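Work through the exercises below. Try each task before reading its solution.

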Amino acid sequence: MTVIDVILPFAVEGSFTYRLPESCEYCPQSGQRVLVPLGKKKIVTGIVESVRESGENEDTNVYREAVRFPEDFPIVTSQQMRLWKWMASYYMCTLGEVMRAALPATLRVDKGLKPRKKSESVVETRLAHPLNEEQLRAKNEIENAWNKTPTVLLFGVTSSGKTEVYIHLAQEQIRQGGKVLYLVPEIALTTQLTDRLRSVFGERLGVYHSRFTDREREEIYKNVLSGHKYDVVIGVRSSLFLPFRNLGLVIVDEEHDTSYKQQDPAPRYHARTTAQMLASLFGAKTLLGTATPAVETYYNALNGKYGLVEMKQRYAGLKLPAIHLLDLQRAYKQKKMEGHFSLPLVVRIQEQLDAGKQVLLFQNRRGYNSYIECPECGYIPKCINCDISLTEHKPVAPDMPSRLVCHYCGYSIPAPAVCPECGKGVPVDRGFGTEKIEEEAQQLFPDARVARMDTDTTHGKDAHEKLIRRFADHEIDILVGTQMITKGLHFKDVSLVAILKADAMLNLPDFRAYERGYQILEQVSGRAGRAGTEGHVILQTSDVENPLFAYLKQHNYEAMYAEQVEQRKAFRYPPFYRLIGLTMRHREQSRLETASRTLQDRLKHVFGARCSAVIVPAVGRVQNLYIRQLTLKIEATASYAKAKEMLAREIEYVKTLPPCKGTLMTLDVDPM
Ligand SMILES: [Zn+2]
Ligand SMILES: [Zn+2]
């Protein structure tokens, strides 16, 4: 008897097998959608994983009958199916979780699709800008390097004109009949880039990102499935899940960016790794581009796993911005501070404003670590559900009270007028978030038009786009922002970039903190001095002796890398070791202690020193769930698959023990 194994969009292990509907007159194919009964009353949409004859000892009577197939053609291609299976196995999750991430929500409900007619493909050959000598050399070197290895790193300083190189490579690919996927880390980047790509590829460009509605995403999915509509798709990491045909080139722009890693929910994948797997399924090429490579990427490039092509000159003879350090400790001692601004910085900003220039102020904090405190008794209001202090948010209207908000769970209360603890003090904001900086900047420069760009101000679908356009049109003089403003934006009138406190991000308890600090500061510096104006960067810090700043002043990535790679080796981190993070959560602290310690003991037995001790994370309780963590470090030379198999077995075992019951376990392969 013919039966079908079906993938359902849940985090449940194992396959779901069904019989074909009585009425079915044809044999379905893998990748087709199918409606199947589940439980007593539910009908759910799944994807046919495989169609097969039942085994000799298989009792087909226990299988229920599938309801029907909404279409008679697959909506998941064979390459996608292989990618899903690779992701489930590599990132230790279920196929159902991959399916949930991969398909637009509207394709996960019952509604038939019509196959797309072959529309006449109108080939629009518009001209890209001609490449200069340096860009042409890079393009040729990339093509040569691809003859040796499918992945190439283009390491080009900020403003070296990498985008034009990508465009020419894409055009070449299209001429050969291949399709191109152009990945960008975040939606904020797509605005300016999309305009540029649109001017070259016209209607043959598809755009895919998470701010689109499900309906819009479905439309693009269908267009890609048809194989005729687009030559180039630009999108964020989820566009890796589109049903490409004839994919010839995958570009991963700003490959070092942490937004390429999906944190929650599963699959917790990295788009750079997944892009290379996707490309290999098509025999396609991958190009990683950045001014500040991830340490792992540069390591692979130096060791021949990837090709390496460099661009050391800024476009049109621009100089790299000059970086000036400003000693905060001294400024505080000499009382030369206005809020968080040192007086020399205030003077420099005023000069720029007087000259009709724009200023970017960078503060790598939206709100957390920002808190309020009673000056009398030291009381700090905390969240009732999480072990974290609340952050003050200014009112939307001036006559409304401020609110204190938990950034982890959203819990909020009105800000108290007097301290609820001692009844005497008036709690004050000790914070140092973007909101505070915006407020101070407006007070210091009352005539300037000040705006803020962070996740709080860019909620709406077009909010970030409008903000960027307003800044580009010079309707804003000072833009205060988080990391979001570092990402490849080009503004012609920005002559000064100031980093208000560079230390905080270097002191995080994370082995990547130093690397990331360098990347963020170099990228944000790169926003200064484009299109004919010499750029200046002022970096306020309490730690002027930190060697990182010396590297930064020389734009010396290689020196930063050399130092980091030694440390990674000594302390057993990537690229020499691979990490798997394990997070355990439980409502009851005692059960969590038992479960985490039991698992730790078993893992120590299997993995020895490769398993860390159980730790309590910095925020040890979120939404009333207590949290414990463990990390495995596996030698890069050992079998990763085997280690994962052994780990999965131990977890399954511990889950079945009665005292550990109800412990939630999440795995993060290659955590960031
Ligand atoms: Zn108090
Ligand atoms: Zn909370």
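Buried means under 20% relative accessible area, exposed over 50%, and partly exposed in between (1.4 Å probe, protein chains only). This is a predicted model: local features need pLDDT of at least 70, side-chain atom pairs count only at pLDDT 80 or more, and totals for chains, interfaces and linings use all residues. Residues are numbered from 1 along each chain as its sequence is written, chains are lettered from A and ligands numbered from 1 in the order in which they are written, and side-chain values use heavy atoms, with hydrogens and water left out.

**Exercise 1.** Classify Cys406 as buried or exposed.

*Solution.* Take the relative accessible area of Cys406: 2%. This value is under 20%, so Cys406 is buried.

**Exercise 2.** Find the donors of the zinc ion (ligand 2) and name the arrangement.

*Solution.* Step one: donors are N, O and S atoms within 2.8 Å of the metal (3.2 Å for Na, K and Ca); water is not among the atoms, so sites may look incomplete. Step two: the SG atoms of Cys383, Cys386, Cys406 and Cys409 coordinate the zinc ion (ligand 2) at 2.3 to 2.4 Å. Step three: four donors count as tetrahedral if all angles lie between 85 and 135 degrees. The angles here are 105 to 114°, so the arrangement around the zinc ion (ligand 2) is tetrahedral.

**Exercise 3.** Give the donor spacing of the zinc ion (ligand 1), then classify Cys374 and Cys377.

*Solution.* The protein donors are Cys374, Cys377, Cys419 and Cys422, each through SG. Their spacing in sequence is C-x2-C-x41-C-x2-C. Cys374, at 1% relative accessibility, is buried. Cys377, at 39%, is partly exposed.

Definitions and conventions: Four donors count as tetrahedral if all angles lie between 85 and 135 degrees; four count as square planar and six as octahedral if opposite donors are over 155 degrees apart and all others between 65 and 115; anything else is irregular.
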